[in-house]
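Trainee: Could you take me through one part of this model up close? I'd like to start from a single spot and see how the rest of the picture builds around it.

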Amino acid sequence: MNHERYQRQMLIPEIGADGQARLSKGRVLVAGCGALGCTIADLLARAGVGHLRIVDRDLVELTNLQRQVLFTESDVGAPKAFAAARRLEAVNSDIEIEPHTKDINPSTVRKLAADCDLIVDGLDNFETRYLLNDMAISCGIPYIYGGAVGSEGLSFTVLGDGAADGSPCLRCLFPEPPEPGTTATCDTAGVLGPLISMVGAHEALQAMKLILGKRDEVDRTLMRIDVWNNSIHRMDASRPVPDCPCCAKRDFQWLSGNRSSSMTVLCGQDAVQVLPAMETSVDIEDLSRRLAPYGQFDVHDGIIRGRLHEERGGSGNPVELTVFEDLRALVGGVDSAERARAIYDRYIGS
Ligand SMILES: [Zn+2]
């Protein structure tokens with residue numbers, strides 16, 4: 001390891017050479033590489049955290065560039081996980097970056113979280129957060145929750161270690177996720193770039209403390225920040241809820257798949273995501289040859305993108321199809337989830 005690059009960080013008494021060595025052995029799952037994920041991954045890579053597994057299912061869009069600091073104009077259209085990995089490898093070639101263009105769901109989460117010391121949240125949806133909370137509690141690793149919409153952000157660290165002075169889990173604080181469509185999203189309410197930096201930095205710092213073994217110095221409050229109104233509140237969150245279904249009863253409803261939906265309308269795109277019936281992977285070149293008679297398709301970065309000749313979506317426009325190696329697909333230009341599923345079954349296979 002080249003220590004010179006970390007010299008300013010090693011001057012911090014809480015880190016030093018021993019701490020730097022610990023950071024270099026850290027393994028972190030960055031779940032979601034949108035705005036928060038970009039900020040977190042950037043800080044952890046620069047700090048020398050040895051292994052970053054970056055998972056995101058989406059492609060870079062022009063509207064992301066206002067706040068997703070790892071991406072440039074030339075990345076628009078590329079899978080976020082790979083675009084982020086290219087940038088992070090240029091930032092720090094000492095560490096390992098492992099990109100995955102995948103959906104985090106009950107059938108993929110175990111493999112994605114395997115061998116990781118902790119999970120940091122860079123997600124845009126509650127369903128996956130409850131899944132990661134289940135995952136963290138079930139295998140006893142920390143999960144650092146974060147969220148940001150408009151000018152308001154939240155962050156909380158679930159220690160997940162079941163210690164006597166244990167911290168609450170996400171379900172202790174928020175027993176049920178909000179009903180879909182009832183909360184503001186970045187699409188409807190917008191989001192401020194500086195807010196992302198502040199919430200992401202808070203999450204990254206808690207991750208560093210945990211990798212350094214400084215559990216007692218982790219922020220144990222629920223931090224709520226409003227950057228426009230200049231307010232930061234720290235809410236006491238020191239006690240788990242005694243009958244919490246997740247951390248007390250260990251009933252992992254999201255991990256078992258009982259609470260997950262199989263189809264999601266994506267944040268930021270006029271597209272429906274369709275998942276394969278089981279975890280799988282295909283030869284993407286083979287699949288693109290199979291699709292060739294039905295439309296105009298290109299293969300790039302291990303994904304197929306294009307449009308179908310014959311199918312028409314809700315407004316009479318061609319149906320756009322993006323297919324990933326795990327047989328997940330984004331079906332664009334359709335007017336319903338059912339129509340998306342039908343097109344998926346017809347061209348990709350059920
Ligand atoms: Zn709990």
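Trainee: Where is the place of V334, and in which loop?

Mentor: Keep in mind as we go that this is a predicted model. V334 sits in the loop that runs between β14 (329–332) and α11 (337–347). Being in a loop doesn't put V334 out in the open: it counts as buried, because 23 C-beta neighbours fall inside 10 Å and 20 or more is the mark for that. Now look across to L118, which is 216 residues away along the chain from V334; their C-alpha atoms are separated by 38 Å.

Let's go over to that other end. L118 is among the residues that I141 touches, along with C116, D117, I119, A136 and G160, leaving aside anything up to four places away in sequence. I141 is in a loop too, the one between α6 (126–139) and β5 (143–149). With 19 C-beta neighbours inside 10 Å, I141 comes out as partly exposed, since buried starts at 20. I141 also has L159 at 6.8 Å, C-alpha to C-alpha, though the two are 18 residues apart in sequence.

Just before β4 (118–121), in the loop that leads there from α5 (109–113), you'll find D115. Its backbone is worth a look: phi is positive, about 65 degrees, and D115 is not a glycine. Most residues other than glycine have a negative phi. D115 is exposed, with 9 other C-beta atoms within 10 Å. N230 makes a good companion case, with a phi near 55 degrees, again positive in a residue other than glycine. N230 lies in the loop between β7 (222–226) and β8 (231–235), and with 7 C-beta neighbours inside 10 Å it counts as exposed.

Now for the interior. The largest nonpolar core has 73 residues, and V30, A41 and L52 are the ones with the most contacts inside it. A second, separate core has 20 residues, I304, L327, A329 and L330 among them. Back in the largest core, V30 touches both A41 and L52, as well as G37, I40, R53, I54, V55, V120 and G122, again not counting residues up to four places away in sequence. In soluble globular proteins, nonpolar side chains tend to be buried together.

A41 also takes us to the helices. In α3, the residues C38, A41, A45 and R46 meet A84, L88 and V91 of α4. By class, that contact has six nonpolar residues, one charged and no polar ones. The axes of α3 (residues 35–47) and α4 (residues 80–91) come within 10 Å and cross at roughly 25 degrees, so the two helices are roughly parallel to each other. The crossing is right-handed.

α3 has a second partner in α9 (residues 193–211): their axes come within 8 Å and cross at roughly 45 degrees, which makes α3 oblique to α9. This crossing is right-handed. On the α3 side, A35, L36, T39, I40, L43, L44 and A47 take part, and they meet I196, S197, V199, G200, A201, E203, A204, A207 and M208 in α9. The residues of this contact split into twelve nonpolar, three polar and one charged. Notice I40 in that list, a residue that V30 touches as well.

Key:
Residues are numbered from 1 along each chain as its sequence is written. This is a predicted model: local features need pLDDT of at least 70, side-chain atom pairs count only at pLDDT 80 or more; totals for chains, interfaces and linings use all residues. A nonpolar core is a set of buried Ala, Val, Leu, Ile, Met, Phe, Trp, Tyr and Cys residues joined through C-beta atoms within 7 Å. A residue is buried if 20 or more other C-beta atoms lie within 10 Å of its own, exposed if 12 or fewer, and partly exposed in between; C-beta atoms are placed from the backbone. Two residues are in contact if their C-beta atoms, placed from the backbone, lie within 7 Å. Axes are lines fitted to C-alpha atoms, for helices over the stretch in contact, and angles run from 0 to 180 degrees between N-to-C directions. Helices (H or I, at least four residues) and strands (E, at least two) are DSSP runs, numbered from the N terminus. Angles under 35 degrees count as roughly parallel, over 145 as roughly antiparallel, 65 to 115 as roughly perpendicular and the rest as oblique. A crossing is left-handed if the near helix is turned anticlockwise from the far one by less than a right angle, and right-handed if clockwise. Ala, Val, Leu, Ile, Met, Phe, Trp, Tyr, Cys and Pro count as nonpolar, Asp, Glu, Lys and Arg as charged, and the others, Gly among them, as polar.
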